Amino acid sequence: MLRTESLAKTFTLHLRGGMQLAVLAGIDLEVQAGQCVVLSGPSGAGKSTLMRSLYGNYRAEAGRILVRHGDEMIDIARAEPRVVLAVRHATLGYVSQFLRVVPRVSTLDIVAEPLASRGIAVDAARAQAAALLLRLNIPRRLHGIPPATFSGGEQQRVNLARGFIAAHPILLLDEPTASLDAENSAVVVSMIAEAKACGTAIIAICHDAAVRDAIADRLFPLTPIREAA
Amino acid sequence: MTLISGRGLRLRFGSIPALVDVDIDLWPGEVLAIVGESGSGKTTLLNVLSGRQAPDAGTVVYTDPQGQPHDVHTMPAPVLRTLHRSDWGFVHQDPRQSLRMNVSAGGNVGERLMARGARHYDHIRAQAIDWLEQVEIDADRVDDLPRTFSGGMLQRLQIARTLVTHPRLVFMDEPTGGLDVSVQARLLDLIRTLVARLGIAAVLVTHDIAVARLLAHRIAVMQRGRIVETGLTDQVLDDPQHAYTQLLVSSVLQA
């Protein structure tokens, strides 16, 4: 479903005199349908950078990121912006650690939006969104409110609901249970298991050992690149 | 096929380069934000793309719904005016530039329909009221003059007037400039929703990176008349490549 070949990422900090910060080099990662690969390694090893590069949020300057999009393989590292957007729309979902709140938009509509944007009737999309939010223990009385005032854990669950609702064939999950209690973590673990059973390929970052053991088919270890002094 | 394409655009104001070898494409349904500091050439580029200002060199080609290309700067003036009244819309930073202040709110919206050939009064009025409601202006203000409206309401009225003819392409010049942040949020939400629902393509000039992040699929960063970086909105803002973009992004205050 997703494969990288010799992927590399170096940041050039122009405001620091053009300092070069190499974060990723020679990354060959492959994930099959129905498989969950957890990126592991210490802080600063480049786990989030790799995940953001896979999503096209960061620009990989070397190597390829091949994603199965319908019948095609698209190289996210080289694709035109509108192709990347089409891949994100239909194929590649990403649940970041923190919800980006849009003023005035209700929790229900934030979650329903990925379905509505695929042409599903608003009522049907909202019904699915409500069911998913309830499963994640976001009570109905909160559905009509924009999540700006929600707690960190509530926002993360809204973000997860939005990420899972569209059933993307590939899902990137950045610390999906970081702000959650045990009960809600268990819900997320079962949602991940169901997605895998449906053939979803999942790449996750997850520090919680119990959750990691529950979801991971395989670990992909990353090590910090030693800086040339 | 692109909706509008600029190639090799150049323009100088005396010794000041306003546009330097600018190439730019907009695809149907795409929202492109042009960001950069004051004087970087953003508004000039908008004016040149929309045919309001001729470049010293270069071409702007618009592809009509039948797939026919038209050179914006060589087409006869009446054809360009018709485009601006039908397929295109222009949202100015100051709504007074496009609204007629001595005509009622409903008249301002209806006028654009009439310019397109609508003649049935009741139908025009009903559509005007429908659009006032879509931009969250009470229907009972339909007969009021715009000068009784607040700045935020004027801007929403301008948007209703622009979108009532369902343009394919809208040019927006700092549409939320000069408004209170609370008013801005409401307006941005409206623009975002309407543009997505109607599938409108837009070129949006803004100096506000948060506005670009909320509304745009793609960003072009301008500095001294050149496009120094272009790409997916979140990529340009989260992983800026050019020194100027890095400065621009790192200068934003976190709220």
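Two strands are said to pair if DSSP finds at least two bridges between them, and both strands (E, at least two residues) and helices (H or I, at least four residues) are DSSP runs, numbered from the N terminus. The structure shown in these views is a predicted model, in which local features need pLDDT of at least 70 and side-chain atom pairs count only at pLDDT 80 or more, while totals for chains, interfaces and linings use all residues; side-chain values use heavy atoms, with hydrogens and water left out. Residues are numbered from 1 along each chain as its sequence is written, and chains are lettered from A and ligands numbered from 1 in the order in which they are written.

**View 1. Strand E1 of chain A pairs with E2, E3 and E5 of the chain.**
Strand E1(A), residues 2-13, is joined by six bridges to strand E2(A), residues 19-27, and the two run antiparallel. Within this pair, Leu7(A) stands opposite Ile27(A), while the bridge partner of Phe11(A) is Leu21(A). E1(A) and E2(A) form a hairpin with five residues between them, and Gly17(A), which lies in the turn, has a positive phi of about 65 degrees. E1(A) also runs antiparallel to strand E3(A), residues 30-31, to which two bridges join it, and here Leu2(A) faces Val31(A). A further five bridges connect E1(A) with strand E5(A), residues 62-69, again in the antiparallel sense, and Glu5(A) has Arg64(A) as its bridge partner there.

**View 2. Helices H3 and H5 of chain A pack together.**
Helix H3(A), residues 107-116, and helix H5(A), residues 152-165, pack at an angle of about 20 degrees, with their axes 7 Å apart (axes are lines fitted to C-alpha atoms, for helices over the stretch in contact, and angles run from 0 to 180 degrees between N-to-C directions). This angle makes H3(A) roughly parallel to H5(A) (under 35 degrees counts as roughly parallel, over 145 as roughly antiparallel, 65 to 115 as roughly perpendicular and the rest as oblique). On the side of H3(A), the contact is made by Thr107(A), Ile110(A), Val111(A), Ala112(A), Glu113(A), Pro114(A) and Leu115(A), and on the side of H5(A) by Val158(A), Ala161(A), Arg162(A) and Ile165(A), where contact means heavy atoms within 4.5 Å. The residues of this contact divide into eight nonpolar, one polar and two charged (Ala, Val, Leu, Ile, Met, Phe, Trp, Tyr, Cys and Pro count as nonpolar, Asp, Glu, Lys and Arg as charged, and the others, Gly among them, as polar).

**View 3. A four-stranded open sheet in chain B carries helix H1.**
The strands stand in the order E2-E1-E4-E5 (chain B), and their pairing is antiparallel. Strand E2(B), residues 16-26, and strand E5(B), residues 69-71, are at the edges with a single partner strand each, so one side of each is left without a neighbour in the sheet. From one strand to the next, the twist averages 25 degrees. Seven bridges pair strand E1(B), residues 4-13, with E2(B), and Leu11(B) stands opposite Leu19(B) in E2(B). Helix H1(B), residues 42-49, packs on the sheet, where it touches E1(B), E2(B) and strand E4(B), residues 57-63, and its direction makes about 125 degrees with that of E1(B).

**View 4. A six-stranded open sheet in chain B is met by a helix of chain A.**
Here the order of the strands is E6-E7-E8-E3-E9-E10 (chain B), and the pairing is mixed. The edge strands are E6(B), residues 88-91, and E10(B), residues 226-232, each of which pairs on one side only. The twist in this sheet averages 15 degrees from one strand to the next. E6(B) runs parallel to strand E7(B), residues 169-173, and four bridges join them, with Gly89(B) opposite Val170(B). Helix H2(A), residues 81-90, packs on this sheet, touching strand E9(B), residues 218-223, and E10(B), and its direction makes about 20 degrees with that of E10(B).

**View 5. Helices H3 and H4 of chain B pack at an angle of about 120 degrees.**
Helix H3(B), residues 105-115, and helix H4(B), residues 121-134, have their axes 9 Å apart and pack at about 120 degrees, which makes H3(B) oblique to H4(B). Ala105(B), Gly106(B), Val109(B), Gly110(B), Leu113(B) and Met114(B) in H3(B) meet Ile124(B), Gln127(B), Ala128(B), Trp131(B) and Leu132(B) in H4(B). Eight nonpolar residues, three polar and no charged ones make up this contact of H3(B) with H4(B).
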